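Hi everyone, thanks for coming. I'd like to walk you through a structure that will be new to most of you, so have the picture open while I talk.

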Amino acid sequence: MNVVTYISDLLYRYECVIIPEFGAFLTQRKAAQVSGTHTFYPPQKALSFNQQLQNNDGLLANYIANHENCSYTDALAKIQYFTVFLQSELQANKNVKLDRIGTFFIAAENTIHFEPEQQINYLAESFGLSTFSSPEITREVQREVLKEEVVALEEKTPITFTPEKRRQRPYLKYAAAAVIAASLGLFGLQHYSNSVIAYNTDVDLQVSNTVKKEVSEASFVFETDDTLPAVSLHITKKEVSKGKYHIIAGAFRFKENAAKKVAQLIDQGFDAHIMEKNVYGLHQVVYESHVDKYEALDQLRFIKQNNNYSAWLLVQEL
């Protein structure tokens, strides 16, 4: 599998997928809608590109390493080769199309522009739903068709109408048939609109509940006993390693939970500490920070094998 396929896989599960030293793909949820042209659009993730987000967060590299059963360093090398390919193609003023993602091209002022693939929906909940158009209903045509059907039916019916009654009000049955047809059309359109509104409300409620639950809990599983009394933790400040390679144990919305995790890791012999809040407002807990990249990778392998398989490496200057 190539890097493009891995990026496409991650876009179904994450809202941000970064290509180090190139940029990031971002997704934003959009509710279902009906346009003025009678076209129905299912809920979807709108895809965009931000060239400013280039710092490696480890997501893509870890995903490649796990799927190809290779080292983290080899995965980074594969990503770097892909990045060099993108940059060289764009510098040659070529359009670069990424399958199931979109197309890159150089626009005015030598800036990179991205046009997403419109046929791909990265919202997993919308699997099987597609865009479709409903033809506009022409009322006058329907009335003429109904009128012809009523006349044909009247010619075949065994009931005899007197000429006098027919001359008095022959239009009543046509008017009644037209009113019934118009009422059925309005009822169907209203029912369709109400169904779309109800679906959007249900989807928004589910997303809101999911986001509230995930934001209020730690990003990684942290088992605690709620029956225990509160713990007062006093940590003596000390010099933290100035290295830019940090082995991440987890990210927490509440700093109290991060402090408990640090205490656990210190008891296990790690030089653990808490980093500043990241852009998502989470407190990241670090096993250790290293100056040497290969030393950090060796320690990461040890931790993943013996302590926490979900640990990952963050490259960031403090």
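**A walk through the model**

Let's start with a pairing you can find on screen: E7 and E8 run antiparallel to each other and are joined by five bridges. If you want one pair of residues to look for, take Thr103, whose bridge partner in E8 is Glu115. Between the two strands of this hairpin there are five residues, and Glu109 there takes a positive phi near 60°.

Before going further, a word of caution: this is a predicted model. The average pLDDT for the protein is 77, and 64% of the residues score at least 70. Where is confidence lowest, and where is it highest? The low end is helix H5, residues 163-168, with a mean of 50, while the high end is E1, at 95. Residues 159-166 stay under 50 in pLDDT, and the model gives them three contacts beyond four places in sequence. There's another stretch like that, residues 215-228, where the pLDDT is below 50. That one has 17 contacts in the model beyond near neighbours in sequence.

Now the overall picture. The protein has 318 residues, and 31% of them count as buried. By way of secondary structure, we have eight helices and 13 strands. And if you take contacts between residues at least 6 apart in sequence, 62% of them join residues at least 24 apart.

Back to our hairpin. E7 and E8 belong to an open sheet of three strands, ordered E6-E7-E8, with antiparallel pairing. Which strands stand at the edges? Those are E6 (96-98) and E8 (112-116); each has a single partner strand, so one side of each has no neighbour in the sheet. From one strand to the next, the twist averages 20°.

On the E6 side, the pairing with E7 (residues 102-106) is antiparallel too, over three bridges. You can spot Val96 standing opposite Phe104 in E7. The loop between E6 and E7 is where you'll find Arg100. Arg100 isn't glycine, but its phi is positive, near 70°. Is Arg100 buried, exposed or partly exposed? It counts as partly exposed, because its relative accessibility is 38%.

What lies across this sheet? Helix H3 does: it lies across E6, E7 and E8, and runs at about 140° to E6.

H3 also has a helix for company. In general, you describe two packed helices by the angle between their axes and the distance between those axes. Here, the axes of H2 (residues 59-68) and H3 (residues 72-91) come within 8 Å and cross at roughly 115°. The crossing of H2 past H3 is right-handed. On the H2 side, the contact is made by Leu60, Ala61, Asn62, Ile64, Ala65 and Glu68, and on the H3 side by Tyr72, Ala75, Leu76, Lys78 and Ile79. Sort the residues of that contact by type and you get eight nonpolar, one polar and two charged.

In the loop between H2 and H3 sits Asn69. Asn69 has a positive phi, about 55°, although it is not a glycine. With a relative accessible area of 74%, Asn69 is exposed.

Last stop, another sheet. This one is open as well, with three strands in the order E1-E2-E5 and antiparallel pairing. Its edge strands are E1 (16-19) and E5 (44-50), each with a single partner strand, so each has one side without a neighbour in the sheet. The twist averages 20° from strand to strand. E1 pairs with E2 (residues 23-30) in the antiparallel sense, over four bridges, and Ile18 stands opposite Ala24 in E2.

While we're in E2, look at Thr27, which has its place in that strand. Thr27 is buried or exposed? Buried: its relative accessible area is 9%, and the cut-off for buried is under 20%, so it qualifies. Who does Thr27 touch, leaving aside neighbours within four places in sequence? The list is Leu11, Tyr14, Glu15, Lys45, Ala46 and Leu47.

That's my tour. Happy to go back to any part of the picture.

Conventions. Residues are numbered from 1 along each chain as its sequence is written. This is a predicted model: local features need pLDDT of at least 70, side-chain atom pairs count only at pLDDT 80 or more; totals for chains, interfaces and linings use all residues. Side-chain values use heavy atoms; hydrogens and water are left out. Axes are lines fitted to C-alpha atoms, for helices over the stretch in contact, and angles run from 0 to 180 degrees between N-to-C directions. A crossing is left-handed if the near helix is turned anticlockwise from the far one by less than a right angle, and right-handed if clockwise. Contact means heavy atoms within 4.5 Å. Ala, Val, Leu, Ile, Met, Phe, Trp, Tyr, Cys and Pro count as nonpolar, Asp, Glu, Lys and Arg as charged, and the others, Gly among them, as polar. Two strands pair if DSSP finds at least two bridges between them. pLDDT is the predictor's confidence in each residue, from 0 to 100. Buried means under 20% relative accessible area, exposed over 50%, partly exposed in between (1.4 Å probe, protein chains only).
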